[in-house]
Structure formats: structure tokens, C-alpha cells
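Visitor: Before I look at the coordinates, I would like the labels explained. Please set each value against its definition.

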There are 2 protein chains.
Amino acid sequence: MTLTVRLGDRTYDVVIERGCLRRAGELLNLNRKVLVVTDSGVPAEYAKTVADQCREPVLVTFEQGEKSKNVQTWMTLLDQLVEAGFTRGDCVVAVGGGVAGDMSGFAAAAYLRGIDFYNIPTTLLSQIDSSVGGKVAVDYKGYKNIVGAFHQPKRVLVDPEVLKTLDSRQISAGMAEAVKMALIGDEELFELFERGEAFDRVEEVIYRSLKAKALVVEQDETEGGLRRVLNFGHTVGHAVETVSGYSLLHGECVALGMLPMVSDPIRKRLSAVLESLNLPTFYRGDCDEIISAMAHDKKRDGKDITVVRCNQVGSFEFCTVPFDELANEMKEVF
Amino acid sequence: MTLTVRLGDRTYDVVIERGCLRRAGELLNLNRKVLVVTDSGVPAEYAKTVADQCREPVLVTFEQGEKSKNVQTWMTLLDQLVEAGFTRGDCVVAVGGGVAGDMSGFAAAAYLRGIDFYNIPTTLLSQIDSSVGGKVAVDYKGYKNIVGAFHQPKRVLVDPEVLKTLDSRQISAGMAEAVKMALIGDEELFELFERGEAFDRVEEVIYRSLKAKALVVEQDETEGGLRRVLNFGHTVGHAVETVSGYSLLHGECVALGMLPMVSDPIRKRLSAVLESLNLPTFYRGDCDEIISAMAHDKKRDGKDITVVRCNQVGSFEFCTVPFDELANEMKEVF
């Protein structure tokens with residue numbers, strides 16, 4: 001399956017195909033210098049499979065985890081590009097999860113003011129979430145993604161075969177982003193989740209989620225307005241992630257973060273879906289701590305906060321509410 | 001005079017007007033948090049005049065000179081943005097020369113993946129050269145502008161009054177970029193230089209140069225092809241700049257760099273114009289050193305080098321020539 005993300009002269013394809021990692025040399029232009037970026041949590045064979053298909057590969061493996069997603073690691077990627085004499089005609093390929101994609105995408109965005117970037121996401125979360133959209137960034141001074149760019153990939157390869165090496169908790173966390181896209185943009189996909197078919201029909205889940213996301217991104221590439229709908233579940237989710245000290249996975253936090261943004265009967269339906277996916281449905285932490293982390297979030301704007309709510313499956317609305325009201329809603333759920 | 005640079009939804013105006021610095025509050029939206037960035041070489045009153053017109057100014061003054069244009073100084077600008085809690089609705093204003101504009105423009109480009117940027121260039125060089133185009137960057141590992149972005153300003157204010165505090169050597173260096181634009185794109189402007197009217201008609205020189213540059217940038221915003229014409233004089237110029245250890249000003253190096261790119265009778269006409277502007281017409285350094293610095297330049301591509309030549313005033317062509325041939329031409333001139 002191929003999904004085309006239509007963004008004028010930045011239009012690109014997402015190829016979703018079992019085994020496409022082994023066909024990277026056919027599907028991408030690797031007949032040049034290629035910085036292949038991966039992390040220590042990704043099976044080394046994946047990046048090696050890609051590097052073996054490049055004319056001049058330079059392989060970089062950074063330490064796995066969000067803590068690597070910083071300006072220092074980004075600069076080590078720039079060092080490699082400079083030292084190996086990469087020109088504007090060369091490229092960067094990420095082979096890994098969201099951290100690898102975000103950080104190497106930002107290196108590709110900034111080096112020589114932008115060189116080609118290919119993304120080969122290897123976690124379900126990154127296949128569903130970061131393979132469409134072109135948001136690349138690093139964390140800085142305790143803020144997530146605060147330094148970055150919009151830099152669309154030239155092509156994305158999604159190989160569902162790589163998911164076989166992913167543990168089940170990671171798979172579930174990835175599904176949370178698909179549930180998010182279903183709730184705000186694809187009722188049929190939500191029903192597929194309710195029928196318990198998601199694990200068996202993972203390619204369809206990926207394709208439908210990306211399609212729903214692409215429809216949003218095509219209308220608002222640089223997050224001027226509409227695109228903020230993709231933050232559904234993330235306002236609270238990011239705060240939970242911070243407060244949990246990253247002991248919860250991003251997808252697990254998004255799962256939790258969606259609950260205060262819906263009311264019954266959708267909340268009951270969502271809880272049932274999350275449980276069927278082995279995702280958390282309540283958090284025993286301190287709500288006030290989460291509220292305070294949210295106030296620290298980059299999207300803050302005075303005492304009020306703008307959130308995305310879902311009052312009907314497959315649709316959404318933006319609501320600006322006082323922090324306190326949101327806090328009450330959270331206390332009800334958590 | 002106002003020049004509109006037409007780049008779709010990134011279209012912006014350059015206002016060229018005596019005294020417009022004092023009208024910044026009317027001409028720009030400063031009713032928000034504003035990072036006002038200047039350097040120690042710019043009269044402090046200019047940035048203060050702007051800051052006084054902002055609702056919430058944060059003033060940063062870095063040390064003057066190309067050596068400040070690095071990732072570290074850029075990070076100190078990000079620090080200010082983070083610490084003062086700048087949001088997507090806030091902005092950055094550069095008040096200074098090309099270094100201030102390039103570095104603060106890149107901070108605005110990367111912070112939250114891009115916030116509004118206004119440029120108030122205060123040297124003739126930056127008024128003529130960097131106020132149109134959106135190229136922002138810092139130097140890294142000895143390479144000029146190797147890390148950056150294309151980030152168009154929201155508006156540019158060019159106040160010719162500020163030139164009264166600029167020394168004559170800086171004025172001449174700025175004129176070199178105008179001579180460049182004249183040679184490759186505006187024959188009438190070149191004739192204005194030949195008549196010795198440039199210093200008396202500086203606003204017209206700025207306007208015509210920017211207009212010629214805008215025509216190029218509008219056709220090729222991200223330097224995919226045509227825009228490289230703006231490198232006329234820069235391939236050799238950058239190398240001279242490096243080899244001279246920055247004892248020569250950028251514009252002086254561009255003046256020298258143009259000479260090997262033209263032949264008689266244009267070379268004679270160009271020499272006469274450069275002399276009338278008190279710009280250098282020969283360099284007593286080692287040509288081989290310059291050639292070797294050029295090989296190190298980011299635009300290298302094997303043994304050959306692509307340069308821009310001017311065989312008729314007001315027009316240009318791209319030529320790919322062996323390094324050796326270019327070296328011979330340089331030895332003839334220098």
C-alpha cells in the first residue's frame with residue numbers, strides 16, 4: 001500500500017509493505033553519501049540492511065531513549081555530516097523510533113539549510129505517528145521538541161515485518177496513536193478497534209491512521225491552526241509523561257490523556273478499547289503535579305488552556321477551558 | 001519605498017524609509033514578547049529605540065563579529081526564548097548586521113519550529129544583501145553558514161539614516177554587494193555606479209539591488225538552482241575571506257571575488273567602479289591557498305567547480321570549470 005501526502009513541491013509517498021526494508025535501495029535514492037541513523041534499542045540488523053544498500057553509508061548509532069534527543073546528540077550527527085563532506089546532493093536516513101526520526105530529521109533540516117531525509121520507522125508508534133507530518137525536533141532545557149523544524153521526508157518506508165521484534169508493550173503503545181486518529185478522524189477504524197481486530201489487521205490500522213493524519217497535515221502543514229487537533233490526548237499526555245519520569249511510554253500517556261477529553265458514552269467505549277489493547281485507563285499519580293506540568297508546557301496561554309475534545313467518534317472540536325475545570329475533569333478520570 | 005517579496009504565504013515587505021527605525025512599533029507587531037538581538041558593534045541606541053516600542057522586550061547583545069556566529073551563541077538566544085517563556089505568538093527582531101540577522105533568524109526558525117522574525121539591518125551590506133532571501137544560519141566546524149534554515153522574515157525595515165554611524169570602509173563593503181547585483185541583474189544600476197552617483201543615491205542603490213535579488217529569490221526560494229547566481233563573486237570571495245583571517249570585510253572579498261568571473265572589457269569597467277568605491281582590486285595573498293580553501297568549501301563537487309560568470313553587464317551564466325583553470329584566471333587578476 002502507498003499513501004501519498006500531498007504538500008505541493010514537498011509531496012511524498014509512504015510505502016507500507018512487508019519486507020520493504022530489504023528493498024530500500026530500490027525504493028530510495030541511496031546512490032550517494034547516506035547518513036544512516038539508528039539507536040541502541042533497534043536491532044542492529046535493520047540499519048545494517050539499509051547501510052548495505054547505500055553507495056557511501058556513514059552509520060551512526062546513538063544511545064536509545066528520549067534523553068538522547070537533545071542538542072548535543074544532534075550536533076554529533078552534524079559532526080558526521082561535516083566530517084564526511086556531505087553536500088546538498090546527499091541524504092540522511094533514520095532507522096528507528098520517533099527519537100531517531102525526530103533528531104536525524106532535524107539534522108537533515110539544518111545541515112546546509114536542508115538536505116534530503118528518508119524515514120524508516122521501526123516502532124509501531126513511529127510508523128503510525130511520525131511517518132507523516134514532517135515535524136522534526138530535539139528537546140531542550142526540559143521542554144520537549146522545543147527546537148526544530150518542519151522538514152518533510154522525501155519518502156517513508158513502513159515495513160510491518162520489523163514489528164515482530166517489538167515487545168507487546170511497545171505494540172500497545174503504538175496502537176494508542178491509532179486510537180487517537182480513529183477517535184478524531186475515522187469512525188470505521190474505531191469500530192475495527194472495538195471488534196478487537198487491530199492486532200490482526202495492523203497494516204490496515206497503520207494505513208488508515210496515516211491517511212487520517214495526512215488529511216490534517218495537508219490542510220495545515222506548519223500547525224497554524226487545524227493541525228493542533230493532532231494534539232488530542234497530548235496536552236494531558238505530555239504532562240503525565242513528564243511527571244511519570246518517562247516510566248510510562250508515550251503511547252500509554254496519550255491513552256491516559258485522551259480520557260479526560262471525552263465524556264460518556266464515548267469515555268466508556270474508549271476505556272474498553274484501551275483495556276483490550278492492554279493500555280492503562282487510570283493513573284495513580286498526583287493530579288496537581290500533572291496540572292503544574294501542563295502549565296509549564298509550551299502551549300500555555302494565561303490561565304486558560306486550549307484542548308481538543310471529541311464529542312462524537314470520528315470528529316473533534318477545539319475548546320478553551322480554565323485550567324481548574326480541566327483539573328476537575330482529570331480528577332474524575334484518574 | 002516598499003518592496004514586496006512575493007513568496008506565496010511567506011510574502012513580505014521590505015520598507016525602505018528614512019527614520020523607520022523610530023516607527024518600528026507602527027510598522028511591526030511588537031505588542032507581544034520580543035527578543036531584540038543586537039551586537040556590541042551596533043550603536044546601542046538602535047536596539048534600545050526598538051525595545052522601547054515593544055510591549056515585552058528581552059534585549060540580547062552578543063559580541064560583534066563573525067566569530068560569534070556559532071552554535072553556542074545561537075543556543076544562548078534559545079535560552080532567552082525558553083527562559084522568558086516565548087510562545088508561538090511571540091517574535092524575534094534583529095537589529096544589526098548580517099551576523100545578527102543570520103543568527104537570530106535561525107533562532108526564530110528553530111524555536112518551536114518557527115516563530116515570527118523581523119529584520120532591521122543596520123549596515124549597508126546587510127540592508128542590501130541579507131534583508132531579502134530568508135537564508136539564516138550559523139557557522140560550524142570552520143564552515144560558513146553550514147547549519148541553518150530558510151526562514152523568511154515577516155517584514156524588514158531598512159532605515160538609511162542608520163548608515164550615518166557606519167564608517168566609510170563599511171559603506172564601501174556594502175556597495176560591493178550592490179555592484180554584484182548590478183552586474184548580474186541590473187545594467188542601469190551598474191551605469192549609476194559608473195557615473196559615480198552611488199553614495200548620493202544610496203536609497204535607490206538599496207532598492208534596485210533588493211529588487212534584482214527578489215526576482216531571483218521569488219523563482220528559487222530554497223536555492224535549488226537559479227538562486228546560486230547570487231553566489232557570483234562568492235566562490236572566490238569566501239575563500240579570500242577565510243585565507244585573510246577575516247582581516248578583509250565580506251564585501252571587500254566579494255569585490256575581489258568578482259574580478260576573475262568577468263573578462264575584459266567588463267573587467268576594466270568593474271575595476272574602475274571598485275576603485276571609485278574604495279574597494280580592493282587585487283589581493284597579494286597566495287593564490288594556491290585560496291584555491292585550497294575553495295576545495296574545502298561546501299559547494300565543491302569533485303575536481304570541477306561551478307561558478308557564475310558575467311559576460312554581459314546585467315546578465316550571467318553558470319559555468320563548470322576545472323579548479324586549475326579557475327586558478328590560472330585568479331593568478332591573472334590578483
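**Labels and their cut-offs**

Guide: Chain A has a mean pLDDT of 93, and 98% of its residues reach 70 or more; pLDDT is the predictor's confidence in each residue, from 0 to 100. This is a predicted model, in which local features need pLDDT of at least 70 and side-chain atom pairs count only at pLDDT 80 or more, while totals for chains, interfaces and linings use all residues. Residues are numbered from 1 along each chain as its sequence is written, and chains are lettered from A and ligands numbered from 1 in the order in which they are written.

Visitor: What ipTM and pTM does the predictor give the complex?

Guide: The ipTM is 0.91 and the pTM is 0.92.

Visitor: What makes chain A as compact as a globular protein of that length?

Guide: Chain A contains 13 helices and 11 strands; these are DSSP runs numbered from the N terminus, H or I of at least four residues for helices and E of at least two for strands. The radius of gyration of chain A is 19 Å and the globule rule gives 20 Å for 334 residues, which is close, so chain A is as compact as a globular protein of that length. The radius is taken over C-alpha atoms, and the rule is 2.2 Å times the number of residues to the power 0.38. Along the principal axes, the C-alpha atoms of chain A fill a box of roughly 55 × 40 × 35 Å.

Visitor: Why is Glu223(A) called buried or exposed?

Guide: A residue is buried if 20 or more other C-beta atoms lie within 10 Å of its own, exposed if 12 or fewer, and partly exposed in between, with C-beta atoms placed from the backbone. Glu223(A) has 20 other C-beta atoms within 10 Å, so Glu223(A) is buried. Its place is in the loop between helix 8 and helix 9 (234-243) of chain A, and its phi is positive, about 55°, although Glu223(A) is not a glycine. Buried residues make up 51% of the 334 residues in chain A.

Visitor: Why is Lys141(A) called partly exposed?

Guide: Lys141(A) has 14 C-beta neighbours inside 10 Å and therefore counts as partly exposed. Lys141(A) is found in the loop between strand 7 and strand 8 of chain A. Its phi is near 55°, a positive value in a residue other than glycine.

Visitor: How do you know whether Gly196(A) is buried or exposed?

Guide: With 12 other C-beta atoms within 10 Å, Gly196(A) is exposed. Gly196(A) sits in the loop between helix 7 (187-194) and helix 8 of chain A. Gly196(A) and Leu277(A) are 81 residues apart in sequence and 8.3 Å apart in space, C-alpha to C-alpha.

Visitor: And what is the label of Lys211(A)?

Guide: Lys211(A) has 19 other C-beta atoms within 10 Å, so Lys211(A) is partly exposed. Lys211(A) is in helix 8 (residues 202-219) of chain A.

Visitor: What makes two residues a contact, and how many residues of chain A are in contact with chain B?

Guide: Two residues are in contact if their C-beta atoms, placed from the backbone, lie within 7 Å. By that rule, 24 residues of chain A are in contact with 24 residues of chain B. Strand 8 of chain A gives the most to the side of chain A that touches chain B, with six residues. The residues of that side divide into 15 nonpolar, four polar and five charged. Here Ala, Val, Leu, Ile, Met, Phe, Trp, Tyr, Cys and Pro count as nonpolar, Asp, Glu, Lys and Arg as charged, and the others, Gly among them, as polar.

Visitor: Where are the domains of chain A, and where do their bounds come from?

Guide: Domain 1 covers 2-165 and domain 2 covers 168-333; the bounds come from an automatic or database domain assignment. Taken over C-alpha atoms, the centres of the two domains are 25 Å apart. Their contact takes 23 residues from domain 1 of chain A and 25 residues from domain 2 of chain A.

Visitor: Which residues touch the most other members of the largest nonpolar core?

Guide: A nonpolar core is a set of buried Ala, Val, Leu, Ile, Met, Phe, Trp, Tyr and Cys residues joined through C-beta atoms within 7 Å. Of the 227 residues in the largest one, Ala107(A), Tyr111(A), Val95(B), Ala107(B) and Tyr111(B) touch the most other members.

Visitor: What kind of peptide bond joins Asp264(A) and Pro265(A)?

Guide: The bond is cis, with omega about 5°. Pro265(A) is in the loop between helix 10 (250-258) and helix 11 (266-276) of chain A. In chain B, the peptide bond from Asp264(B) to Pro265(B) is cis, with omega near 5°.
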